[in-house]
Amino acid sequence: MLLVLIAMVSERPGNPQVDRAKSLESHVAVPANIEKLLERACYDCHSNETRWPWYTALPPVAHMMEQDVDRARAAINFSNWQAGAGRTTGRSLGVLAAACAEVQAGLMPLPRYTYMHPNARLQPDEVQSFCAWTRAAASEIRAGQQH
């Protein structure tokens with residue numbers, strides 16, 4: 001009961017402002033099925049659109065989750081693609097390839113995240129679709145550099 005009371009009076013972490021012009025979708029074609037997958041399995045950590053559950057109002061949990069999200073956003077932030085992963089062609093290509101490899105290896109989404117958020121687990125066909133999209137996006141980025 002005490003934890004619920006603390007959560008009710010404590011503030012949850014916040015999110016930075018989202019500028020759609022800097023987002024992944026503004027720079028790379030993202031089909032609807034991949035956008036839904038990203039929102040369901042990736043955006044809580046890898047965007048400025050994190051949904052902070054009630055328990056993130058508990059000070060020790062909030063601190064731990066904020067650190068996790070900060071590290072994830074530093075690696076890839078879909079809301080700030082232009083300034084991060086999409087800053088250069090090489091970086092974009094590397095991030096997309098790494099994202100596919102980590103999803104294929106079962107490293108992403110993090111197992112501890114999917115434990116609390118089972119709907120974020122990716123099915124084998126979703127992993128295939130995600131990797132097919134990363135390859136298509138890489139081709140699109142390469143083609144854009146040739147013009």
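These are my notes on what I looked up in this predicted model.

**Ground rules.** I number residues from 1 along each chain as its sequence is written, and side-chain values use heavy atoms, with hydrogens and water left out. Local features need pLDDT of at least 70 and side-chain atom pairs count only at pLDDT 80 or more, while totals for chains, interfaces and linings use all residues.

**Overall.** I looked up the secondary structure and found seven helices and zero strands (DSSP runs, H or I of at least four residues for helices, E of at least two for strands, numbered from the N terminus). Of the 147 residues, 39% are buried (under 20% relative accessible area with a 1.4 Å probe, protein chains only; exposed is over 50%, partly exposed in between).

**Helix H5.** Next I checked the length of H5, residues 89-104. Its 16 residues should span 22 Å (1.5 Å times one less than the number of residues), and the end C-alpha atoms are 23 Å apart, which agrees. Which residues of H5 are buried? I noted Ser92, Val95, Leu96, Ala99, Cys100 and Val103. They share one side of H5, because their arc (from the directions between helix axis and C-beta atoms) is only 130°. Gly90 and Gln104 are exposed on the face turned away from that buried side. Just after H5, I saw Gly106 with a positive phi of about 80°.

**Aromatic pairs.** My search of the whole structure gave two pairs (ring centres within 6.5 Å, using the six-membered ring for Trp). For Phe130 and Trp133 the centres are 5.8 Å apart and the planes at 45°, so I logged the pair as tilted (under 30 degrees is stacked, over 60 edge-to-face, the rest tilted). Both residues lie in helix H7, three residues apart, and both are buried.
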